[in-house]
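Here are some notes to read alongside the structure, in the order I would go through it with you at the bench. Please keep the sequence open as you read.

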Amino acid sequence: MHISEGVLSIPVLATGAAVTAAGLVIGLKKMDSEKLVTVALLSSVFFVASLVHIPVGPSSAHLILNGLIGLILGWAAFPAIFIGLLLQAILFQYGGLTVIGVNTATMALPAVLCHYLFRSMLAKGGRSMSVGSFLCGALSIGLSAVLTSFALSFTDDSFVGAAQIIIYAHIPIMIIEGFICLFTYSFLFKVRPEMLMITQEHA
C-alpha cells in the first residue's frame, strides 16, 4: 500500500505529514521504556512482511500486519510503522521520503482506530477475543486501502479507477491478515500475555 514518489498533490502530502506528525508525538508520549523492545520487534515484522509488493497502479498490494501492530501497541503503532517505512524508503526505494507522511498515516491511523474499536472485545476473552482480533486485522487493511484510495482520488480524478482497483485488490489480503491477527494474538495471549497487558494498561 506504498504510494510512489511524484504521485500525490502538495495538499494531500501536507495533510498526511500533519497526521503522521501528530500520531508520532502522541505515540512517543505514550510509549514507555517497557514497550521499546516490543515496538522494535513489531517494526521489524512490519518491515519484512511489507517488502513483497504486487504492483497495483500507482500503489501496491502486500501484507502490512497493521491490525496486529495496533492491537499490541496502540498509538505506538505510529513510530513503529514510520521507522519501518523510513528504512524501506532509504534502503529499497519503496514509497519515498516525500510520501512517507501519507504512507504512515494510511497504515498507522487504521491500526490505532481498530485498537480502540475492538479492545473491549479482546478483554472479554474466548470467542469475543477471536472475533475482535480477526476484525481488527481485516478492518485495518480495509481502512488503509480506503485511505490510500482517498489520497489518490483527492490528488487527481484520473486516479479514481486505480483507487477502486486498490480496494478490490486488498479484499483477499483483509481475510488473510484477519486470520494472521487472530492466530498471533491468541498465541501471545497464551504464552506472553504481559505483552498485551502493557498495551491495555498504558494505551
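The points below cover the cysteines, a surface patch, a pocket, one backbone angle and a few residue pairs.

1. A word on the source before anything else. This is a predicted model, so please read every value below as computed from predicted coordinates.

2. Let's start with the cysteines. How many disulfides does a search of the whole structure find? The search comes back with zero. Cys114 is in no disulfide, and the nearest cysteine sulfur to its own belongs to Cys136, 4.7 Å away. Seen from the other side, Cys136 has its closest cysteine sulfur in Cys114, and that distance of 4.7 Å is too far for a bond. The cut-off that matters here is 2.5 Å between the two sulfur atoms. In general terms, a disulfide is a covalent bond between the sulfur atoms of two cysteines.

3. Are these two cysteines buried or exposed? Cys114 is buried, with a relative accessible area of 0%. Cys136 is buried too, and its relative accessible area is also 0%.

4. Next, the surface. Ile83, Leu87, Ile90, Leu91, Phe92 and Leu97 together make a nonpolar patch of about 560 Å². One of these residues, Leu97, sits in the loop that runs between helix H4 (77-92) and helix H5 (100-124). Leu97 counts as exposed because its relative accessibility is 52%, and the cut-off for that word is over 50%.

5. Now the largest pocket, which has a volume of about 220 Å³. Its lining is made up of 13 residues, and those nearest the centre are Thr15, Gly16, Thr106, Leu147 and Ala151. Helix H1 (10-30), H5 and helix H6 (126-155) are the elements that each give two or more residues to this lining. Which element gives the most? That is H1, with five residues.

6. One backbone angle deserves a look. Leu65 has a phi near 65°, which is a positive value in a residue other than glycine. As background, most residues other than glycine have a negative phi. You will find Leu65 in the loop between strand S2 (59-61) and helix H3 (66-73). Leu65 is buried, with a relative accessible area of 10%.

7. Helix H2 (residues 36-49) holds two residues to compare with partners elsewhere in the chain, and Val39 is one of them. Val39 is buried, at a relative accessible area of 9%. Its C-alpha atom is 5.7 Å from that of Ala80, although the two residues are 41 apart along the chain.

8. Phe47 is also found in helix H2, and Phe47 is buried, with a relative accessible area of 16%. Here the partner is Gly126, 79 residues away along the chain, and the two C-alpha atoms are separated by 31 Å.

9. The last pair involves Met121, which lies in helix H5. What separates Met121 and Val131 in sequence and in space? They are 10 residues apart in sequence, and C-alpha to C-alpha they are 7.8 Å apart in space. Met121 counts as partly exposed because its relative accessibility is 21%, and buried would mean under 20%.

Definitions and conventions:
Residues are numbered from 1 along each chain as its sequence is written. This is a predicted model: local features need pLDDT of at least 70, side-chain atom pairs count only at pLDDT 80 or more; totals for chains, interfaces and linings use all residues. Side-chain values use heavy atoms; hydrogens and water are left out. Buried means under 20% relative accessible area, exposed over 50%, partly exposed in between (1.4 Å probe, protein chains only). Patches are made of residues with over 30% relative accessible area and no salt bridge: like charges are joined within 9 Å, nonpolar side chains (Val, Leu, Ile, Met, Phe, Trp, Tyr) within 5 Å. Accessible areas come from the Shrake-Rupley method with a 1.4 Å probe; for residues, only the protein chains shown count as cover. A salt bridge is a side-chain nitrogen of Lys or Arg within 4 Å of a carboxyl oxygen of Asp or Glu. Helices (H or I, at least four residues) and strands (E, at least two) are DSSP runs, numbered from the N terminus. On a 1 Å grid over the protein atoms alone, a cavity is a set of points where a 1.4 Å probe fits but cannot get out, and a pocket is an open set with protein on both sides within 12 Å along at least five of seven lines; lining residues have an atom within 4 Å of a point. Grid points are joined across faces, edges and corners, and a volume is the space filled by probe spheres set on the points.
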